[in-house]
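Trainee: I would be grateful for a close look at a single part of this model, together with its surroundings.

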Amino acid sequence: MDLRPVPRIFLFTALALLAFAGNSLLCRLALRGGHADPAAFTLIRLASGAAVLWVVLKVRRVERLGGSWPSALALFIYAIAFSFAYVTLSAGTGALLLFGAVQASMLLAGFIAGERPSLGQGVGLAAALAGLVYLVLPGLEAPSPQGAALMAAAGVAWGVYSLRGRRAGDPTSVTAGNFLRAVPLSILATLFLVSRLEVDPVGWALALASGAVTSGLGYVIWYAALKDLTATRAAVVQLSVPVIAALGGVLLLGEALSTRLVVASCVILGGVALAVLGKQARSASVVRPRFGS
């Protein structure tokens, strides 16, 4: 089928964003329903994602894997913290915390590297951080402190991974290499949790879907979309991921859409949008992520 440029950009971008939000929904569904424990879900997700990306490379006849062990470690930390965080977090809250932590860590990394944000960027970053603080303040609607801390750690790891991978070469080759390296790290982690490993057929299906479809194929589609997106547009369109995840959690998982989540979402996403759209934005603050949530 011949897809003209604009429809292709729209289709690939929409599919990639749905895949990123789908990771949150699949993980939450598997853990909330008791179909898989976090360690097992992570191992299956990384292994199936690595398998799909390896097949893609073979189809493209790419023989050399990219990536590195430090980047694979960052990927593993993201994946394991992501899974354990969703034991207690709702899909929307988790995605919002993850996205906010990723963007905040990357913007802060640019500042530490010597970049000086414009007034608009500074206000946007401050608003995003304030929104994150408001989201986790103690109260009846506050998320689990442990879950919030784990998801924040996942977001920082994702930010580190993205910053490391921005000049690492072919994105699919790099991601495949990092996924493959992350698998033995996940196996080592499960050895310490072997007595808690639990996964039923539904858990296997959800983890395989997360790894093979919404991670492996999702990233390939995202890279295809990035060919026609500027870095700023790529950063901005991802603002929709937490919203999609929250709506999916409400519609598919029966989760509540709290007032705190709605207010925090507006403040965080608005702040990030203001920051990434600043006229003086530098490359480090709008890096195209190398993988999705």
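In which helix does Leu-180 lie? Please describe that helix closely and place it within the chain.

Mentor: Leu-180 lies in helix 7, and the description below starts from that element. Please keep in mind that the model is predicted.

The setting comes first. The protein chain contains eleven helices and zero strands, so the pattern read along the sequence is a run of α elements, α-α-α-α-α-α-α-α-α-α-α. Of its 293 residues, 52% are buried. Among contacts between residues at least 6 apart in sequence, 91% join residues at least 24 apart. The accessible surface amounts to about 13,000 Å², and carbon and sulfur atoms account for 70% of that area.

Helix 7 covers residues 171-191. Just ahead of the helix, Asp-170 sits in the loop between helix 6 (145-165) and helix 7. Asp-170 forms a salt bridge with Arg-60, with the closest N and O atoms 3.3 Å apart. This pair links distant parts of the chain, since Arg-60 belongs to the loop between helix 2 and helix 3 and the two residues are 110 residues apart. Asp-170 counts as partly exposed because its relative accessibility is 34%; Arg-60, with a relative accessible area of 41%, is partly exposed too.

Beside Arg-60 in sequence, Arg-61 is also found in the loop between helix 2 and helix 3 (69-85). Its relative accessibility of 72% is why Arg-61 counts as exposed. The phi of Arg-61 is positive, near 60°, although the residue is not a glycine. Most residues other than glycine have a negative phi.

Within helix 7, Thr-172 offers a view of the packing. Thr-172 is at 5% relative accessibility and therefore counts as buried, the limit being under 20%. Leaving aside neighbours within four places in sequence, Thr-172 is in contact with Leu-53, Val-56, Leu-57, Arg-60, Val-220 and Tyr-223. Arg-60 thus appears twice in this account, as a contact of Thr-172 and as the salt-bridge partner of Asp-170. Helix 2 spans residues 38-59, and helix 8 spans 201-226.

Further along helix 7 comes Leu-180. At 30% relative accessibility, Leu-180 counts as partly exposed. Together with Trp-54, Val-55, Val-59 and Leu-65, Leu-180 makes a nonpolar surface patch of about 440 Å². Helix 2 gives the most to this patch, with three residues.

Towards the other end of helix 7 lies Thr-190. Its relative accessibility is 7%, so Thr-190 counts as buried. Apart from residues up to four places away in sequence, Thr-190 touches Ala-39, Leu-43 and Leu-197.

Beyond the helix, Glu-198 lies in the loop between helix 7 and helix 8. Glu-198 is exposed, because its relative accessible area is 52% and the limit is over 50%. Its contacts, not counting residues up to four places away in sequence, are His-35, Ala-36, Asp-37 and Ala-40. Glu-198 and Asp-37 are 161 residues apart in sequence, yet their C-alpha atoms are 5.5 Å apart.

Two other helices give a setting for helix 7. Helix 4 (residues 91-112) has 22 residues, which at 1.5 Å a residue should span 32 Å; the end C-alpha atoms are 31 Å apart, in agreement with that value. In helix 4, 18 of the 22 residues are buried, so this helix is largely enclosed by the rest of the structure. Gly-114 follows helix 4 and has a positive phi, near 110°.

Helix 10 (residues 240-253) should span 20 Å with its 14 residues, and its end C-alpha atoms are 19 Å apart, which agrees. Its buried residues are Val-241, Pro-242, Ala-245, Ala-246, Gly-248, Gly-249 and Leu-253. Seen down the axis of helix 10, these buried residues fall within an arc of 165°, so they line one face of the helix. In an α-helix with 3.6 residues a turn, residues three or four places apart point the same way. After helix 10 comes Gly-254, with a positive phi near 70°.

The salt bridges come to two in number. Besides the pair of Asp-170 and Arg-60, the side chains of Arg-28 and Glu-255 meet at 3.2 Å, N to O. Arg-28 is in helix 1 (residues 5-32) and Glu-255 is in the loop between helix 10 and helix 11 (259-276), 227 residues apart. Both Arg-28 and Glu-255 are buried, whereas Asp-170 is partly exposed.

Definitions and conventions: Residues numbered from 1 in each chain as written. Predicted model: local features only at pLDDT ≥ 70, side-chain atom pairs only at ≥ 80, totals over all residues. Heavy atoms only, no water. Helix = DSSP H or I, 4+ residues; strand = E, 2+ residues; numbered from the N terminus. Buried < 20%, exposed > 50% of the residue type's maximum accessible area, 1.4 Å probe, protein only. Contact = heavy atoms within 4.5 Å. Expected span 1.5 Å × (residues − 1). Arc of directions from axis to C-beta. Patch = residues over 30% accessible without salt bridge, like charges linked within 9 Å, V, L, I, M, F, W, Y side chains within 5 Å. Areas by Shrake-Rupley, 256 points an atom, 1.4 Å probe, with all protein chains shown as cover. Salt bridge = Lys/Arg side-chain N within 4 Å of Asp/Glu carboxyl O.
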